[in-house]
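Subject: Structure for you to look at

Hello,

I am passing on the structure we talked about, and below it you will find my notes. Please read them with the model open beside you.

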Amino acid sequence: MKKTLMILLLALTAITVKADDYDYLVILDNSSNATSFVSDGLTLTYNGTTLIVTPASGNAATFDTKSLSKMYFSSTATGLVSINAEVDGESVLVYDMGGRPYGSYNSVTEALGKLPKGIYVMKGNQKTIKMTVK
């Protein structure tokens, strides 16, 4: 048991060091659905067979480890990005990655429908999120 725990700890340390080069953690399930998380400030915890992914924003997502096929770090977001309903219901200001204002929208959903492909920072009343439009 101690040997397994040490191997897991060493693996997590190696992953943490490797993550510095990449902006996103991508989790792929057995149905090939991908979910991306910004790696900066990301915390991974396990509770039995449940993986809990908590980004810096604090909006945790849970995954049953039995339904996951792989996890990897990437320089671009891949697949689904979940939108917190709390953020999506409010108006947002959108900035490009250079910090320049890009526009104001009634919701994140409206912004995603009108923005060209790229990476943006969206600021609402309560939250600021980084979003990739594909």
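In strand β2, Phe37 is the bridge partner of Leu25, while Val38 of that strand is the bridge partner of Tyr24; please keep in mind that this is a predicted model. These pairs sit in a wider pattern, since strand β1 (residues 24–29) and β2 pair in the antiparallel sense over 5 bridges. The two strands form a hairpin with 4 residues between them, and in that turn Ser32 has a positive phi of about 65 degrees.

Looking further out, you will see an open sheet of 3 strands in the order β2-β1-β6, with antiparallel pairing. Strands β2 and β6 (68–74) stand at its edges, and because each has a single partner strand, one side of each is left without a neighbour in the sheet. From one strand to the next, the twist averages 20 degrees.

Is strand β2 largely enclosed or left open by the rest of the structure? Of the 5 residues in β2 (residues 34–38), 4 are buried, so the strand is largely enclosed by the rest of the structure.

A separate place to visit is Thr43, which lies in strand β3 (residues 43–47) and is partly exposed, with a relative accessible area of 41%. Leaving aside neighbours within four places in sequence, Thr43 is in contact with Ile52, Val53 and Thr54. Thr43 and Thr54 are 11 residues apart along the chain, and their C-alpha atoms are separated by 5.1 Å.

Best wishes

Notes: Residues numbered from 1 in each chain as written. Predicted model: local features only at pLDDT ≥ 70, side-chain atom pairs only at ≥ 80, totals over all residues. Heavy atoms only, no water. Buried < 20%, exposed > 50% of the residue type's maximum accessible area, 1.4 Å probe, protein only. Contact = heavy atoms within 4.5 Å. Pairing = 2+ DSSP bridges. Axes fitted to C-alpha atoms, helices over the stretch in contact; angles between N-to-C directions.
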